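Biologist: I've got a model open and some bench questions to go with it. Can we walk through it together?

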Amino acid sequence: MENKYLKRLDKIVKIKVSGRNVYRFIDRLIKDKVYIYDLKIINIKNVIIKISYDDYLILKDKKSIYDIDLLDVYGKLKIKKYFKEHYVFIIFLIIGYVVLMFLSNFIFDIEVVHANFEIRELVYRELRKNGIEKYIFRKSYQELENIEKNILDNNKTKIEWIEINRSGTKYIVRVEERKIDKGEERFEYQDIVSSKSGIITKVLAESGEIIKNTNDYIKGGEVVISGNITLPDGSSVLSRASGKVYAEVWYLVDVSYPYIYREEILTGRAKEVFLIKFLNKRISLFDFSKFNTFKKSDRILFGDIFKFFSFIKEKQYEMIVIDEFYTKEEVVVKAVERAVTRVNDTLREDEQIIKYRILSTYYDESKVNLKIFFSVNEEVSEVRKIDNNEVEDS
């Protein structure tokens, strides 16, 4: 009954009836068992009625002294009427939407964010090797994760971490260069300067004159421990300054994390299996200890030219699949944990995160994107040679 009722509601019309006495017309409708959905009497000669479309057609076919004018239609009739009147606009709207959705899945620009030109060029080359370049379809989150891992594995001595984020039709790639201890440079005369801007947290001087103290703000390149020592009589003497300087420095980290996280872990177990493939069916031979999940590599030993039948040697690598589903609150926690881990991975044992704060949170259809401010206690000391000739000239 409910479905029939809804179906009738899809075929309702609003009509205006005019004549000498519309009350008689209404009485006739009631006697003919015409269902009236709405009734508005304007005066004795005019009334506005809502009835079903089928009843309206019957009334139009009957000869009557009353004038019946169609004012409006509802439900499917209204949709059909609107489409007839605006079908060109609707078609172009649908085409435009399809084109927009198609283009929104394309990547039109790629930007690598790093100060070092060589690192940027290295990353661009690696991205192209992994199928990321302009005018391609965007990759899934899992594909981007795999590409990030491949680039890190292939450039362990140059790249500390890398993250690929999509912003509309653009990929923004952030990369951190790996710190490599090249051995301490030593000069006959040298200063200890700060490699970054920040607030000094600790100065450990072995030799030289300390000219910047704890809680002083310092810019990158400023001298903290000077090798140009001033003597009590006002004269100066050059020496080799040495020591360590620690400062609070700041970073902005962009990080994302998916609502549905999938990780594939190889257990290290592998085996070779022979199987027969007939059409789309695979029949394993003598495989008594099957892996639940695995990765595989196939080699066809022989088969027919139409590929209906083939005999295959397959190498299987056992794999554990972890699927996790997160709420919005949980995925933010996971994203923060990922950012903290990435920052910690760039720090030495004597360096640590002081604090962090989430600056912005953006949710899209598959993941959360965070911008996080980090305050880090980091060694910023750097050796800089003192030119004896410049000191004498000055």
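Biologist: Let's start with the nonpolar surface patch: which helix gives the largest share of its residues?

Modeller: Keep in mind that this is a predicted model. The patch covers about 1,200 Å², and its members include F83, Y87, V88, I91 and F92. Nine of the patch residues come from a single helix, the largest share, and that helix is α4 (residues 76-104).

Biologist: F137 is in that patch too, so is it buried, partly exposed or exposed?

Modeller: F137 is one of the patch members, and its place is in strand β7 (residues 136-137). Buried would need under 20% relative accessible area and exposed over 50%. F137 comes out at 46%, so the label is partly exposed.

Biologist: Where is the confidence lowest in the chain?

Modeller: Overall the chain averages a pLDDT of 82, with 90% of the residues at least 70. Over residues 1-8, though, the pLDDT is below 50, and beyond near neighbours in sequence that stretch has four contacts in the model. Where pLDDT is low, the predicted coordinates should not be read in detail. Strand β13 (residues 217-218) has the highest mean, 94, while the lowest, 47, belongs to helix α1 (residues 2-9).

Biologist: On to the aromatics: what kind of pair do Y53 and Y56 form?

Modeller: There are five aromatic pairs in the count. For Y53 and Y56, the ring centres are 6.2 Å apart and the planes sit at 35°, which makes the pair tilted.

Biologist: Why are those two separated by about one helical turn?

Modeller: Y53 is partly exposed at 27% relative accessible area, whereas Y56 is buried at 9%. Both sit in helix α3 (residues 53-61), and the separation is about one turn because they are three residues apart.

Biologist: And what kind of pair do Y257 and Y326 make?

Modeller: Y257 is buried at 7% relative accessible area, and Y326 is buried too, at 15%. Their ring centres are 5.9 Å apart with the planes at 65°, and an angle over 60 degrees is the cut-off that matters here. So the pair is edge-to-face.

Biologist: How many residues apart are Y257 and Y326?

Modeller: Y257 belongs to strand β17 (residues 242-258). Y326 is in the loop between β21 (309-325) and α7 (328-345). The pair links distant parts of the chain, with a separation of 69 residues.

Biologist: Now salt bridges: is E126, the partner of K129, buried or exposed?

Modeller: K129 and E126 meet in a salt bridge at 3.7 Å, N to O, and they are three residues apart in helix α5 (residues 117-129). K129 counts as exposed at 67% relative accessibility. E126 has a relative accessible area of 7%, so E126 is buried.

Biologist: Which residue forms a salt bridge with D254?

Modeller: D254 counts as buried at 12% relative accessibility. The partner is 80 residues away, in strand β9 (residues 170-177), and is partly exposed at 24%. The closest N and O atoms are 2.6 Å apart, and that partner is R174.

Biologist: Last one: how many residues apart in sequence are E222 and K212?

Modeller: E222 and K212 form a salt bridge with the closest N and O atoms 3.5 Å apart. E222 lies in the loop between β13 and β14 (223-226), and K212 in the loop between β12 (209-210) and β13. So the bridge ties together parts whose separation in sequence is 10 residues.

Note on methods:
Residues numbered from 1 in each chain as written. Predicted model: local features only at pLDDT ≥ 70, side-chain atom pairs only at ≥ 80, totals over all residues. Heavy atoms only, no water. pLDDT = per-residue confidence, 0-100. Helix = DSSP H or I, 4+ residues; strand = E, 2+ residues; numbered from the N terminus. Contact = heavy atoms within 4.5 Å. Patch = residues over 30% accessible without salt bridge, like charges linked within 9 Å, V, L, I, M, F, W, Y side chains within 5 Å. Areas by Shrake-Rupley, 256 points an atom, 1.4 Å probe, with all protein chains shown as cover. Salt bridge = Lys/Arg side-chain N within 4 Å of Asp/Glu carboxyl O. Buried < 20%, exposed > 50% of the residue type's maximum accessible area, 1.4 Å probe, protein only. Phe/Tyr/Trp six-rings, centres within 6.5 Å; stacked < 30°, edge-to-face > 60°.
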